[in-house]
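Welcome, and please take a moment to turn the model around before reading on. The paragraphs below walk through it one region at a time.

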Amino acid sequence: RRLQRAGKARGEGARGQVRDASRELAFAEARATHKVIGAADVVVTTCVGAGAEALQRAASPARALKLRPVRFPTVVVDEASQASEPAALVALLHGCRQLVLVGDHNQLPPTVVSRDAAGKPAPDAGADAPGLAFAAGGGLALSLFERLAVGARVAPRLLSRQYRMVPALAKWPSARFYGGRVETAAHRTRR
């Protein structure tokens, strides 16, 4: 019996050492991740990726690590009109104080595969805000960009010069969606 107890104690000792080593390794990884993320001038991620475990741990480190939370005071969301509202909000979780949404609610809306998840069209929704028509039913078809630009009437800043299309092709979308305010820069064949 004494030999069995001694063997169990040794086994528990080894397990305890493995447990302690695993814990030390996890703390070392967390410290290294925190150091890398905290030292970065810019962190680039998708909206939903901003909720990744590594960023969450950097923003809310365990007390045992004795580290200051990393904050991201300025958040830039590119193609913001294509991100569903909940996805865009994930990017704001880590100390956002200034938000820049870059996008165009007159172009592609958020991709929502399920019609039910997109929301039911509201009967009185206007044709000028198709996303609002769906989102009025409580769905995901509305981007944060569109909610602010159309719903809350926060005036977006229009970039009034385009470089991609030839003037003849650019004329129609400029007139239809932007009141003729988008002009074409000198086409590359004329430069």
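**A walk through the fold**

E85 counts as buried, because its relative accessibility is 15% and the cut-off for buried is under 20%. Keep in mind as you look that this is a predicted model. Although E85 is buried, this residue has a charged partner: E85 forms a salt bridge with R147, and the closest N and O atoms are 2.6 Å apart. E85 belongs to helix 3 and R147 to helix 6, so the pair ties together parts of the chain that are 62 residues apart in sequence. The partner R147 is partly exposed, with a relative accessible area of 35%. As general background, side chains of opposite charge can pair when their charged atoms come close.

How many salt bridges are there by this rule? The count comes to 2. The other bridge to look at joins the side chains of R57 and E53, with 2.5 Å from N to O. Here both residues sit in helix 2 (residues 53-59), 4 residues apart, which is about one turn of the helix. R57 is partly exposed, with a relative accessible area of 47%.

Now step back to see the whole chain. The protein has 7 helices and 4 strands, and along the sequence they follow the pattern α-α-β-α-β-α-α-α-β-α-β. Of its 191 residues, 27% are buried. Among contacts with a separation of 6 or more, 50% are between residues 24 or more positions apart.

Next, find the strands. Strand 1 (74-77) pairs with strand 2 (residues 98-101) in the parallel sense, over 4 bridges. One place to see this pairing is V75, whose bridge partner in strand 2 is L99. To get from strand 1 to strand 2 the chain passes through helix 3, and this β-α-β crossover is right-handed.

Which residues have the most contacts inside the largest nonpolar core? They are C47, V77, A80, L101 and F145, in a core of 14 residues. Strand 1, helix 3 and helix 6 each supply at least two residues of this core, and helix 6 gives the most, with 4 residues. There is also a second, separate core of 5 residues, which includes I37, A58, V70 and F72.

Two members of the largest core make good landmarks. C47 is buried, with a relative accessible area of 15%. Leaving aside neighbours within four places in sequence, C47 is in contact with V77, A83, A87, A88, V90 and A91. Another cysteine, C96, is partly exposed, with a relative accessible area of 25%, and the structure holds 0 disulfides. The second landmark, F145, is one of the buried residues of helix 6 (residues 144-151). The buried residues of this helix are L144, F145, E146, A149 and V150.

Just after helix 6 the backbone does something worth pausing on. R153 takes a positive phi of about 60 degrees, although this residue is not a glycine. R153 lies in the loop between helix 6 and strand 3 (161-162). Is R153 buried or exposed? R153 is exposed, because its relative accessible area is 69% and the cut-off for exposed is over 50%.

A positive phi also turns up at E79, where the value is near 55 degrees in a residue other than glycine. E79 is found in the loop between strand 1 and helix 3. With a relative accessible area of 41%, E79 is partly exposed.

That loop between strand 1 and helix 3 (85-90) is also the place of S84. Unlike the partly exposed E79, S84 is buried, with a relative accessible area of 18%. Not counting residues up to four places away in sequence, what does S84 touch? Its contacts are P110, L140 and L142.

The walk ends back at helix 3, where E85 lies. From there you can follow the salt bridge from E85 across to R147 in helix 6, the helix that gives the most residues to the largest core.

How values were computed
Residues numbered from 1 in each chain as written. Predicted model: local features only at pLDDT ≥ 70, side-chain atom pairs only at ≥ 80, totals over all residues. Heavy atoms only, no water. Buried < 20%, exposed > 50% of the residue type's maximum accessible area, 1.4 Å probe, protein only. Contact = heavy atoms within 4.5 Å. Core = buried A, V, L, I, M, F, W, Y, C linked by side-chain atoms within 4.5 Å. Salt bridge = Lys/Arg side-chain N within 4 Å of Asp/Glu carboxyl O. Disulfide = S-S within 2.5 Å. Pairing = 2+ DSSP bridges. Right-handed = clockwise from strand over helix to strand, strands pointing away.
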